[in-house]
Structures are given as C-alpha cells and as structure tokens.
Amino acid sequence: MDNTTRSERSRNAIIQAALAIIARDGPRRLTLDAIARESGISKGGLMHQFRSKEAVLKALLEYQTEYFEKFSQDYMAQVSAASPEAHLATQIAVAREAVTTQQSVAFAILGAISEEPGLLSAFKEIDAKKIAAIKAEAADPELAMLRWYAAKGLLLNALFGLCPLSDEERQRLFERLLDSKQWLIPRKD
C-alpha cells in the first residue's frame with residue numbers, strides 16, 4: 001500500500017473514531033488520547049494527520065459539509081426540473097436527512113461549534129448564499145424563509161434531544177414542508 005493510501009485510511013479511521021466518541025460520550029470527551037485509543041492509531045500517527053483537537057474538529061466539519069453538499073447536489077439534480085422552488089426543497093430535504101442520518105455526523109457540528117464557536121462564521125456565509133437562492137426562486141420569499149426555518153427548527157430540536165415528536169411525526173412534518181402545493185397563497189383580486 002502506498003503512503004497516500006495509507007495516509008487517507010488513517011485519516012478516515014481518525015474521523016470515524018472521533019465521530020464514534022462524540023456519539024457515544026459527547027463532544028467534551030473528544031481528546032487526542034481518546035481518538036488514538038478508539039482508532040487504534042498511535043498518538044504520533046494521529047498527530048501526523050492532525051496536530052490538535054481543533055484540527056480534528058475542522059476535519060469533522062469538512063466531512064459533514066462534504067456529505068451534505070453531495071446530498072444537496074444529488075437532490076437538486078432530481079428536483080430541479082420539476083420543482084419551482086428547487087433550492088428550498090433541497091434545503092428542507094437536507095435538514096430532514098440530517099435528522100435521519102447517523103447521529104454522530106450531526107453531533108460533529110455541535111461538538112465542533114461548542115469547542116470552537118468561531119467556526120460558525122463559515123456557516124453564516126453559506127446560509128446567506130442559500131437564502132439568496134431560495135428568495136430568488138420563490139413566489140413568496142417570506143413564506144419560503146418560514147418553511148426553511150421550520151425545517152431547521154425541527155433539525156435543531158432533534159439534535160438537542162428536545163423534540164417530543166416521534167420519527168414518524170417529524171417525517172410527516174418534513175413532507176408537508178416539502179409539499180409546495182400546501183403552501184400556495186390565494187391571489188387577491
């Protein structure tokens with residue numbers, strides 16, 4: 001096995017170990033020692049890949065961002081021709097996916113932000129672009145924003161363990177948010 005492949009495998013093992021620790025023990029228990037034990041990689045090998053816990057947290061955010069960016073692109077490709085609000089539908093679907101996907105991936109962002117609040121600035125910039133795209137295609141930009149923020153609210157409540165809804169109830173709500181026909185505004189003549 002060449003060095004590049006070995007390095008990539010080590011990096012992936014470290015990321016998966018960090019995700020497992022966050023899911024099982026919470027973000028505060030994420031340490032370089034814990035990651036080394038969980039991954040089976042020496043601390044020296046770990047530090048060769050990631051010099052600090054902050055570097056691991058940034059890698060977790062990149063991992064999550066890549067996952068959801070690919071999901072977003074795939075979903076957009078499916079709905080863009082059929083949906084007049086493809087950007088909105090895509091963002092609602094991303095929130096739904098984040099609720100239903102492996103919890104440790106979703107917790108990665110919470111763990112990273114709790115340790116490094118400055119990482120939020122990148123998300124503000126990304127969200128500003130999403131908002132502009134959603135508003136540009138929406139017949140009613142304010143209603144589109146309400147639908148998107150409702151989806152984000154469902155996601156955040158689920159991530160923080162505050163949502164008393166069952167998975168089935170939450171999925172029905174996401175389906176309603178995605179159904180543009182339920183959100184038509186009658187014209188005032």
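**Entry 1: helix α1**

I looked up which residues of α1 are buried, and I found Ile14, Ile15, Ala17, Ala18, Leu19, Ile21 and Ile22. I note here that the model is a predicted one. Helix α1 covers residues 3-25, which makes 23 residues. From its first C-alpha to its last I read 32 Å, close to the 33 Å expected at 1.5 Å a residue. After α1 comes Gly26, and I noted that its phi is positive, near 95°.

I also wrote down a general point about spacing. An α-helix has 3.6 residues a turn, so residues three or four places apart point the same way.

**Entry 2: the whole protein**

I then stepped back to the whole protein. I counted nine helices and zero strands. Read from the N terminus on, the elements run α-α-α-α-α-α-α-α-α. The protein has 189 residues, and 38% of them are buried.

For the surface I noted about 11200 Å² exposed, with carbon and sulfur atoms supplying 54% of it. I also checked contacts between residues at least 6 apart in sequence, and 62% of these join residues at least 24 apart.

**Entry 3: the nonpolar cores**

Which residues touch the most other members of the largest nonpolar core? I found Ile92 and Phe174, in a core of 25 residues. The helices α4, α5 (86-100), α7 (120-137), α8 (141-159) and α9 (167-178) each supply at least two residues of this core. Its largest share, nine residues, comes from α5.

I followed Ile92 further. Leaving aside neighbours within four places in sequence, I listed its contacts as Arg147, Trp148, Ala151, Phe174, Leu177 and Leu178. There is also a second, separate core of 19 residues, and I noted Leu30, Ile41, Leu46 and Leu57 among its members.

**Entry 4: helix α8**

Several contacts of Ile92, including Arg147, Trp148 and Ala151, are also on the list of buried residues of α8. The full list for α8 is Leu143, Ala144, Met145, Arg147, Trp148, Ala151, Leu154, Leu155 and Leu159. I checked the span as well: the 19 residues of α8 should cover 27 Å at 1.5 Å a residue, and the end C-alpha atoms are 27 Å apart, so the two agree. Gly161 follows α8, and its phi is positive, near 70°.

**Entry 5: aromatic pairs**

How many aromatic pairs are there? I counted three. In one of them, Tyr67 and Phe68 lie 4.9 Å centre to centre with 90° between the planes, and the pair is edge-to-face. Tyr67 is partly exposed because its relative accessible area is 33%, and the cut-off for buried is under 20%. Phe68 has 10%, so it counts as buried.

I looked at Trp148 and Tyr149 next. Their ring centres are 5.1 Å apart and their planes are at 55°, so this pair is tilted. Trp148 is buried, with a relative accessible area of 2%, whereas Tyr149, at 42%, counts as partly exposed.

**Entry 6: Ser72**

Is Ser72 buried or exposed? I found 12% relative accessibility, so Ser72 counts as buried. I placed Ser72 in helix α4, residues 53-79. Not counting residues up to four places away in sequence, Ser72 touches Thr90, Gln91 and Val94.

Conventions
Residues are numbered from 1 along each chain as its sequence is written. This is a predicted model: local features need pLDDT of at least 70, side-chain atom pairs count only at pLDDT 80 or more; totals for chains, interfaces and linings use all residues. Side-chain values use heavy atoms; hydrogens and water are left out. Helices (H or I, at least four residues) and strands (E, at least two) are DSSP runs, numbered from the N terminus. The expected span of a helix is 1.5 Å times one less than its number of residues. Buried means under 20% relative accessible area, exposed over 50%, partly exposed in between (1.4 Å probe, protein chains only). Contact means heavy atoms within 4.5 Å. Accessible areas come from the Shrake-Rupley method with a 1.4 Å probe; for residues, only the protein chains shown count as cover. A nonpolar core is a set of buried Ala, Val, Leu, Ile, Met, Phe, Trp, Tyr and Cys residues joined through side-chain atoms within 4.5 Å. Rings of Phe, Tyr and Trp (its six-membered ring) pair if their centres lie within 6.5 Å; planes under 30 degrees apart count as stacked, over 60 as edge-to-face and the rest as tilted.
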